[in-house]
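Student: I have not looked at this structure before, and I would like to learn how the words used for it are justified. Could we go through them one at a time?

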Amino acid sequence: MKALITGITGQDGYYLSKQLLEKGYEVHGLVRRASNINTNRIDPLISEFRDEGKIQLYYSDLIDSSSLTNLINKILPDEIYNLAAQSHVAVSFKNPMYSTFTSTVGPITILESIRNLEKDIKFYQASSSEMFGGAEKVVLNEESLFEPKSPYAAGKVFAHNITKVYRESYGIFAVNGILFNHESPHRGETFVTRKITRAVGRIYHNLQTNLTLGNLDASRDWGFAGDYTEGMYAMMQNETADDWVLATGETHSVKEFAEKAFNHVGLNWKDFILTSEKYSRPNEVHHLLGDASKAKNILGWEPKTSFDKLVKKMVDSDLDLANREKVLIDKNLMTPTWEYAT
Ligand code: NAP
Ligand code: G4F
């Protein structure tokens, strides 16, 4: 089996490609040209599988429709996982056009390419719980209404709907995975969970003195990314294409996450956390809680990693990373990092 993954260099791209390679898939991935090498997450997979030709990477971009179409025609994959996006909600308010182009032009280009090919290619779209808007404290499922609160979410709603349109109009096996927040040691460092666990690691090793966050009361249904990419694969192997929610069914506030993360190293979060308006958003998603009963009953999917285990896994990994950084900083081989703007 051949899979094409957009967003292969991201968090989910790493877990999904690892799992597909372990199942014997040939994995083809789209990478953006950047001035710095951006394959660090998947470098271990590249060195393990490249010689067998099991992993192949190509320069392209979701908004470069012709290069994307040429790639699909050349590779003729069995499955396409569209994971690429400007995925930071706060940044989407600052870069609304770029964020929206990526989320909308990308999927429609891929769906058009599939429609024009003789081969039956399955399509996965990375939909998001952000589409629900989270204004009310309710449990959300596949039937819940979308009330997007950001350019990011509005773009994802378009992609979700167009995926459904192509499924219903042309019989394409096109799936929407409506995933609630999922985190890991490979999470981008400007998302709140990783921002917290990175700070815990650095504070513990005396590389940082405090941590500034935005809204501590927001709550999210946080799961482990590796469990969720298994869910993506299960959706693509189901007999019929559909829309699926993946969630843990538990919600926790940013404050609770921080408390647990600092507690894990014997520190009190209150001694280190500051808040600033600069991390608040023009419009906030206050509360997200999902119901994944449909995925559980039909796909047999369930999250395996508890909230406690997730926090510990991320803190332990970032303690290790900060320890390695400390060695380099002490030898003047690395400059201590700056505070991120998101
Ligand atoms: P991520 O770590 O931010 O990765 C995003 C990926 O998209 C990266 O590989 C990035 O490449 C690539 N990308 C960004 N703009 C692109 C463009 N114009 N053309 C081609 N590639 C581009 O995100 P993630 O957490 O793995 O999430 C994967 C997908 O699921 C995203 O679509 C996200 O919106 C969605 N989602 C995520 C969550 C979550 O909690 N993680 C929940 C629901 C939905 P670079 O490495 O070059 O930046
Ligand atoms: O970690 P976050 O930036 O994730 P957010 O906005 O929920 O989006 C993530 O999950 C979505 C699924 O629901 C994905 F679609 C999306 O691609 C992304 O992966 O923020 C979580 C919460 C927000 O309410 C935010 O306001 O944490 C709050 N927060 C408080 N202080 C902060 C901060 N978020 C960030 N990034 N940085 C802060 O300092």
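Student: Why does A84 count as buried or exposed, whichever it is?

Tutor: A residue is called buried under 20% relative accessible area, exposed over 50%, and partly exposed in between, with a 1.4 Å probe and protein chains only. A84 has 15% relative accessibility, so it counts as buried. A84 is found in the loop between β4 and α4 (89-94), and its C-alpha atom is 7.4 Å from that of L62, 22 residues apart in sequence.

Student: Before we go on, what kind of model is this, and how is it numbered?

Tutor: This is a predicted model, in which local features need pLDDT of at least 70 and side-chain atom pairs count only at pLDDT 80 or more, while totals for chains, interfaces and linings use all residues. Residues are numbered from 1 along each chain as its sequence is written, chains are lettered from A and ligands numbered from 1 in the order in which they are written, and side-chain values use heavy atoms, with hydrogens and water left out.

Student: What makes N206 exposed, or L76 partly exposed?

Tutor: N206 has a relative accessible area of 67%, so it is exposed; it lies in the loop between α7 (192-204) and β8 (211-213). L76, in the loop between α3 (65-75) and β4 (79-82), has a relative accessible area of 32% and is therefore partly exposed. Each has a positive phi without being a glycine: about 60 degrees for N206, and near 45 degrees for L76.

Student: How do you know which class T100 and K122 belong to?

Tutor: T100 in helix α5 has a relative accessible area of 27%, so it is partly exposed. K122 in strand β5 is partly exposed as well, because its value is 23%. As for distances, the C-alpha atoms of T100 and A159 are 9.8 Å apart, with their positions 59 residues apart in sequence, and those of K122 and K270, 148 residues apart along the chain, are separated by 48 Å.

Student: What counts as a helix or a strand, and how many of them does the protein have?

Tutor: Helices (H or I, at least four residues) and strands (E, at least two) are DSSP runs, numbered from the N terminus. On that basis the protein comes to 11 helices and 13 strands.

Student: How do you know whether the radius of gyration agrees with that of a compact globule?

Tutor: The radius is taken over C-alpha atoms, and the globule rule is 2.2 Å times the number of residues to the power 0.38. For 342 residues a compact globule would have a radius near 20 Å, and the protein has 20 Å, so the two agree. The C-alpha atoms fill a box of roughly 60 × 50 × 40 Å along the principal axes, and buried residues make up 54% of the 342.

Student: Which residues come nearest to ligand 1, and what makes a pair of atoms a polar contact?

Tutor: A residue is near a molecule if one of its heavy atoms lies within 4 Å of it, and of the 26 residues around ligand 1, T9, R32, S87, Y98 and Y152 come nearest. A polar contact is a pair of N or O atoms within 3.5 Å. A polar side-chain atom of R32 lies 2.7 Å from an oxygen atom of ligand 1, one of S87 lies 2.6 Å from an oxygen atom of ligand 1, and an N or O atom in the side chain of Y152 is 2.5 Å from an oxygen atom of ligand 1. Each of these distances falls within 3.5 Å, so each pair is a polar contact. β5 gives the most to this shell, with three residues.

Student: Why is ligand 2 said to lie where it does?

Tutor: The domain bounds come from an automatic or database domain assignment. Domain 1 (2-183 + 222-246) and domain 2 (192-219 + 252-286 + 306-340) both give residues to the shell around ligand 2, so the ligand lies between them. Among its contacts, an oxygen atom of ligand 2 is 2.6 Å from an N or O atom in the side chain of S129, and a backbone N or O atom of G214 lies 2.8 Å from a nitrogen atom of ligand 2.

Terms used
Polar contact = N/O pair within 3.5 Å; in protein donor to acceptor, adjacent residues only side chain to side chain.
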